[in-house]
Amino acid sequence: MADTATTTPEARSEAEWRAHLSPEQYRVLREHGTERPGTSCLLAEKRAGTFACAGCGQPLFEQGTKYESGTGWPSFFAPLDGAVETTSDRTFGMVRTEVHCARCHGHLGHVFDDGPAPTGLRYCMNGAALRFEPAGE
Ligand SMILES: [Zn+2]
C-alpha cells in the first residue's frame, strides 16, 4: 500500500493521523486504546511474512516470532531489532510496560515477562496497530 500522506509519519499532526488511519487504528495507535480480544483477523495469520506498523509501515515482527498465547491478541516473543521502544505505563493502577513503534511512536500494546523461550517475553499486540505483509509480495 503506497503511503500517500504528504507529511512523514514522524511529523504528522493528530489531524493528519486521523485522516490517515481508520477510527479503530487511530484509537489504538494514537489514543493508547485496546481492541477487544479475539477480534483481530491477524490472530489466524499463519503465512510467512512481516507484521508492520499500521501507522508508518515500519517492519516490527516476523511471522517466526508469533505464537498462540490464548489471550485473543496477536502475540510475539521478540520484535525486530530496534523496531519498538517501551515506556512504563501506570494507568489502571498497574505498572505495565507499554510498547510503541520506534519510528512514529504509535501505541502497539504491552510486553509481559510470561512469554515462551527463547526470550521469555510476550509482546501482546493490538492487531489494529499492525499490518501484515506476506513474504514475496
Ligand atoms: Zn509506526
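**Two antiparallel sheets and a shared core**

At 137 residues, a compact globule would be expected to have a radius of gyration near 14 Å, and the chain agrees, coming in at 14 Å (taken over C-alpha atoms, with the globule rule being 2.2 Å times the number of residues to the power 0.38). The model is a predicted one, so to speak of local features a pLDDT of at least 70 is needed, side-chain atom pairs count only at pLDDT 80 or more, and totals for chains, interfaces and linings use all residues. Numbering starts from 1 along each chain as its sequence is written. Along the principal axes, the C-alpha atoms fill a box of roughly 45 × 40 × 30 Å.

The chain has two helices and nine strands (DSSP runs numbered from the N terminus: H or I over at least four residues for helices, E over at least two for strands). In sequence order the pattern is α-α-β-β-β-β-β-β-β-β-β. Of the contacts between residues at least 6 apart in sequence, 53% link residues at least 24 apart, a contact being two C-beta atoms, placed from the backbone, within 7 Å.

One open sheet holds six strands in the order β3-β4-β8-β7-β6-β5, paired antiparallel; two strands pair if DSSP finds at least two bridges between them. Its edges are β3 (66-67) and β5 (84-89), each pairing on one side only. Inside this sheet, β4 (residues 75-76) and β8 (residues 122-125) run antiparallel and are joined by two bridges, with phenylalanine 76 partnered by tyrosine 123 of β8.

The other open sheet described here has three strands, ordered β2-β1-β9, again with antiparallel pairing. β2 and β9 (130-134) sit at the edges with a single partner strand each, so one side of each has no neighbour in the sheet. From one strand to the next, the twist averages 30° (axes are lines fitted to C-alpha atoms, for helices over the stretch in contact, with angles from 0 to 180 degrees between N-to-C directions). β1 is joined to β2 by three bridges and to β9 by five. Phenylalanine 51 faces phenylalanine 61 in β2 and has phenylalanine 132 as its bridge partner in β9. Threonine 50, in turn, is bridged to glutamate 62 of β2. Five residues separate the strands of the β1 and β2 hairpin, where glycine 57 takes a positive phi near 85°.

As for burial, 34% of the 137 residues count as buried (20 or more other C-beta atoms within 10 Å of the residue's own, exposed being 12 or fewer and partly exposed in between, with C-beta atoms placed from the backbone). The largest nonpolar core has 27 residues, and Cys53, Leu60, Cys101, Met125, Ala129 and Leu130 touch the most other members; such a core is a set of buried Ala, Val, Leu, Ile, Met, Phe, Trp, Tyr and Cys residues joined through C-beta atoms within 7 Å. At least two of its residues come from each of α2 (23-29), β1 (49-53), β2 (59-62), β6 (96-101), β7 (107-112) and β8. Beyond four places in sequence, methionine 125 has contacts that include Trp73, Phe76, Leu108 and Leu130.

A few loop residues have backbone quirks. The bond from alanine 117 to proline 118 is cis, with omega near 5°, and proline 118 lies between β7 and β8. Phenylalanine 92, in the β5 to β6 loop, has a positive phi of about 60° without being a glycine; it counts as exposed, having 7 C-beta neighbours inside 10 Å.
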